[in-house]
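User: Could you give me a close look at the inside of this one, and then work outward from there? I'd like cut-offs spelled out as you go.

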Amino acid sequence: ATEPEDQLDTYANGLLTGYTGAQTHIRARTSYVDSSGQQVDVIGVADGALKDNQTVQYFAISHKQQQPFAIGAEAFRNSALQGVDLFDCVTTIGANAFAGCAQLEELTIPESVTEIGAGAFEGLTGLKRVTILCDASLLPEGAFAGCTALVEAEIQKGAIPARLFADSGLAQVTLGEGVTVIGEGAFENTAISEIALNASATAI
């Protein structure tokens, strides 16, 4: 993914506010020059910036990004997003940020994340694999419940919320040594019949 060559990405107050071009793979800029000629660091994607966008299939955050980065509420809701690279600078994922992104197949939530809004990952019916590197307790209960295409998950640390993967297609799960609690019904009605707990983890 590259910064849009057509210059049809818009910014305000340090946030990506929209993209009206034809490129399918785009990367957020690390900075831009505003109307007063001042260089402004990019610190996130605005609320609803790419909501309902049917052009962008892959979105990346620059690996040169140094500022903490926020994904706003409904930032990609109901878009045609198929892939996303959330670099390890993302701290916030807003409510319904990726809700309804039915074509998104893989998702990695970086360790840097400290806040996840309600419904951030609701309706990801095409999701096949999720890697959770941040504290799992930040996820809303049932965050990936009903994701029938989901077959593989990796969780590195924290308390796994109740019903996190309930009624999903999950068949394989890898738990890191930092996982402390498995919430009630976290794997209910999935193909996961037995969980290997590390010494510090507790099943509820």
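Analyst:
**The core and what surrounds it**

Phe-121 touches Ile-93, Phe-98, Leu-107, Ile-109, Ile-116, Leu-139, Ala-143 and Phe-144, leaving out residues up to four places away in sequence; contact here means heavy atoms within 4.5 Å. Before going on: this is a predicted model, where local features need pLDDT of at least 70 and side-chain atom pairs count only at pLDDT 80 or more, while totals for chains, interfaces and linings use all residues. Numbering starts from 1 along each chain as its sequence is written, and side-chain values use heavy atoms, with hydrogens and water left out.

Phe-121 belongs to the largest nonpolar core, which has 58 residues. Such a core is a set of buried Ala, Val, Leu, Ile, Met, Phe, Trp, Tyr and Cys residues joined through side-chain atoms within 4.5 Å. Buried means under 20% relative accessible area, exposed over 50%, and partly exposed in between (1.4 Å probe, protein chains only). Phe-59, Ile-71, Phe-98, Ile-109, Phe-121, Phe-144 and Phe-165 touch the most other members. Strand β15 (residues 172–182) gives the most to this core, with four residues. In soluble globular proteins, nonpolar side chains tend to be buried together.

Now for the strands. These are DSSP runs numbered from the N terminus (E, at least two residues; helices are H or I, at least four), and two strands pair if DSSP finds at least two bridges between them. One open sheet has six strands in the order β1-β2-β6-β8-β10-β12, and its pairing is mixed. At its edges sit β1 and β12 (115–116), each pairing on one side only. Inside this sheet, β6 (residues 44–45) and β8 run parallel and are joined by two bridges; Gly-44 has Ala-70 of β8 as its bridge partner.

The other open sheet is made of three strands, β3-β7-β9, with parallel pairing. Here the edge strands are β3 (25–28) and β9 (83–85), each paired on one side only. On average, neighbouring strands in this sheet are turned by 15° against each other, direction ignored (axes are lines fitted to C-alpha atoms, for helices over the stretch in contact, and angles run from 0 to 180 degrees between N-to-C directions). Four bridges tie β3 to β7 (residues 58–61), and the two run parallel; Arg-27 has Ala-60 as its bridge partner in β7. The side chains of β3 alternate: Ile-26 and Ala-28 are buried on one face, while His-25 and Arg-27 point to the other and are not buried.

Not every buried residue here is greasy. Asp-9, in strand β1 (residues 9–12), counts as buried because its relative accessibility is 9%. Beyond four places in sequence, Asp-9 is in contact with Pro-4, Leu-16, Gly-18, Tyr-19 and Arg-29. The Asp-9 side chain makes polar contacts with the side chains of Arg-29 at 2.7 Å and Tyr-11 at 3.3 Å. A polar contact is a pair of N or O atoms within 3.5 Å; within protein, one must be able to donate a hydrogen and the other to accept it, and residues adjacent in sequence count only if both atoms are side-chain atoms. From Asp-9 to Arg-27 the C-alpha distance is 10.0 Å, across 18 residues of sequence.

Ser-79 is another buried polar residue, since its relative accessibility is 5%. Ser-79 lies in the loop between β8 (69–71) and β9, and setting aside residues up to four places away, it touches Leu-50, Asp-52, Asn-53, Gln-54, Gly-100 and Cys-101.

One of those contacts has a backbone quirk: Asp-52 is no glycine, yet its phi is positive, about 65°. Asp-52 lies in the loop between β6 and β7 and is partly exposed because its relative accessible area is 44%. Glu-74, also not a glycine, has a positive phi near 55°. Glu-74 sits in the loop between β8 and β9 and counts as partly exposed, at 24% relative accessibility. Most residues other than glycine have a negative phi, and most peptide bonds are trans.

Finally, the cysteines. Zero disulfides turn up in the whole structure, a disulfide being a pair of cysteine sulfur atoms within 2.5 Å. Cys-134 is in none, and its nearest cysteine sulfur, that of Cys-89, is 14 Å away. Cys-134 is buried, with 0% relative accessible area. Cys-147 can't bond to its closest cysteine, Cys-101, because the sulfurs are 12 Å apart, too far for a bond. Cys-147 counts as buried too, at 3% relative accessibility.
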